[in-house]
Amino acid sequence: MQGLWRINQRIGEWRAMRVIRQALQVAYPFILVMTLISAIGQSCLAANGFFFRIYHIGAWLPGLTLWRQAFQVMGLVVNNVVAVMIAFTTAYFLARAYHRNGLAVGLLSALAFLTLNVNYDMLDQTRRSGGQFVENNLGPQGIFLGILVGLFIGWLASWLLKRLAGWHWFMQFTLTGRVAWLLVVVMVLTVVIGYGMSWLTTGGLNGLVYQATRAMISNPGHQGVMILAVTAFNNLLWWLGLIGPVSLAGNSSVTALQNLATAVQHDSVWNLPHPITLHTLGDAYANFGGAGMTLALIIAIWLGSTHAHYRRIANQTFLPNLVNLNEATLLGLPVLYNPILLIPFIAAPTVNILLAWCAITWKWVPPMAYPMPRTTPGPLMAYMGTGGDWRALALSIVCLAVSVLIYLPFVRLLNQDPQPEEEERDDHAA
């Protein structure tokens, strides 16, 4: 553990890592608001929301349509600019680290990110489709690309300003002229890249990355080993900021539908045709709070953390984690790019899948057959998905407890880290 701590400290000293953590810290309040809005909207107001169904909210809440529209608008406003903010803040802090104009470089990065996510189909008269931008890439799904663009533009602009500072003709320009010159360079570069990507995919550069990752890991079949590999790799991608390449919620998959048909026909969840699937293992037992079993991380922080910053984030993000929305937790602690939390982030779901695999194979627990809303609290997912079988609930509690135990040593190791509190004091001082 001490060796892991030393690795964490070395990585934390990297300029790029310090910049990323500062950028995530600035974006966290916006992500928190977005996830709280999404948690209420998706679980309490959506027709397939867990609490909407349990408490029959549609039968007694007046103006339901108006409430849905209000939460949808609020969610869209914040959600559609998250990645743009990440691109801006990453370049801003990197430029400041190089002693350059942070605001100018940050705006350049935001414009570059938007240029890479222009819907180039709109320029073609024969195939106009969609909006002006690839909107999915502007939300949490674009965090990884936002970080890459911010680092690249922050470095490129700072490097150009340094190299060109020795050129007499360039220094004759005012600040406005120098920024305009950099804008031309950045826009030409990103337009060429974005337009070139449009010939490969309609989803932009970010869409190309997601398309490639989905092709690699979206078909685990019925093999437990493949399901383990897919889940581990998927969690690694989440840790890198590639949010949701593969959804563990397999309610609509062919195997899930066949399991459901068998359960309905025989009025039993035993002897299903496909007991071992990504849905019956991952979605049922390895996704409490979202990817990485982050609900267990929240509980581990409550039990083992003495760090005020982590405890505050855990309290603020508990409700979204309860309904399996963990973006705020990923950015707030942060879990993203944290080498200490990477190990339990992958290990906890893996161990849970192994436990569920054994329990279902040995017929100690029936597999999950009935489709459940995505916002169903994690520990209740398998219980309700098996029609209320107490053994599924017991296994869920065991999986949650084991995951908390896996996270605890790493959470306690993070008690040595004063960095988040110091960064907050620095921000207030600035």
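Angles under 35 degrees count as roughly parallel, over 145 as roughly antiparallel, 65 to 115 as roughly perpendicular, and the rest as oblique. Keep that in mind for the first view of this predicted model.

**View 1. Helices H14 and H19 cross.** Here we look at H14, made of residues 278-285, and H19, made of residues 378-385. Their axes come within 7 Å and cross at roughly 140°. The two helices are therefore oblique to each other. Which residues of H14 and H19 meet? From H14 come Asp283, Ala284 and Tyr285, while H19 brings Gly378, Met381 and Ala382. Sorted by class, this contact has four nonpolar residues, one polar and one charged.

**View 2. Helix H15 passes helix H16.** Now move to H15 (residues 294-304) and H16 (residues 308-322), whose axes come within 9 Å. The crossing angle is roughly 145°, and the crossing is left-handed. On the H15 side, look for Thr294, Leu295, Ile298, Ile301 and Trp302. On the H16 side, the residues they meet are Tyr310, Arg311, Ala314, Asn315, Thr317, Phe318 and Asn321. The contact of H15 with H16 divides into seven nonpolar, four polar and one charged residues.

**View 3. Asparagine 287 sits in the loop between H14 and H15.** Is this asparagine 287 buried or exposed? Its relative accessible area is 16%, and buried means under 20%, so asparagine 287 is buried. A polar atom of its side chain lies 3.2 Å from the backbone nitrogen of alanine 291. You can also find isoleucine 353 here: it is 66 residues away from asparagine 287 along the chain, yet their C-alpha atoms are separated by 9.8 Å.

**View 4. Asparagine 137 lies in the loop between H7 and H8.** To find this loop, use helix H7 (102-116) and helix H8 (143-164) as your guides. With a relative accessible area of 2%, asparagine 137 is buried. Which side chain joins that of asparagine 137 in a polar contact of 2.8 Å? The partner is asparagine 117. Another polar contact, of 3.3 Å, links the side chains of asparagine 137 and glutamine 141. Setting aside neighbours within four places in sequence, asparagine 137 is in contact with Ala83, Phe113, Asn117, Gly142, Gly203, Asn206 and Gly207. Asn117 thus appears in this list as well as in the 2.8 Å polar contact.

Definitions and conventions. Residues are numbered from 1 along each chain as its sequence is written. This is a predicted model: local features need pLDDT of at least 70, side-chain atom pairs count only at pLDDT 80 or more; totals for chains, interfaces and linings use all residues. Side-chain values use heavy atoms; hydrogens and water are left out. Axes are lines fitted to C-alpha atoms, for helices over the stretch in contact, and angles run from 0 to 180 degrees between N-to-C directions. Helices (H or I, at least four residues) and strands (E, at least two) are DSSP runs, numbered from the N terminus. Contact means heavy atoms within 4.5 Å. Ala, Val, Leu, Ile, Met, Phe, Trp, Tyr, Cys and Pro count as nonpolar, Asp, Glu, Lys and Arg as charged, and the others, Gly among them, as polar. A crossing is left-handed if the near helix is turned anticlockwise from the far one by less than a right angle, and right-handed if clockwise. Buried means under 20% relative accessible area, exposed over 50%, partly exposed in between (1.4 Å probe, protein chains only). A polar contact is a pair of N or O atoms within 3.5 Å; within protein, one must be able to donate a hydrogen and the other to accept it, and residues adjacent in sequence count only if both atoms are side-chain atoms.
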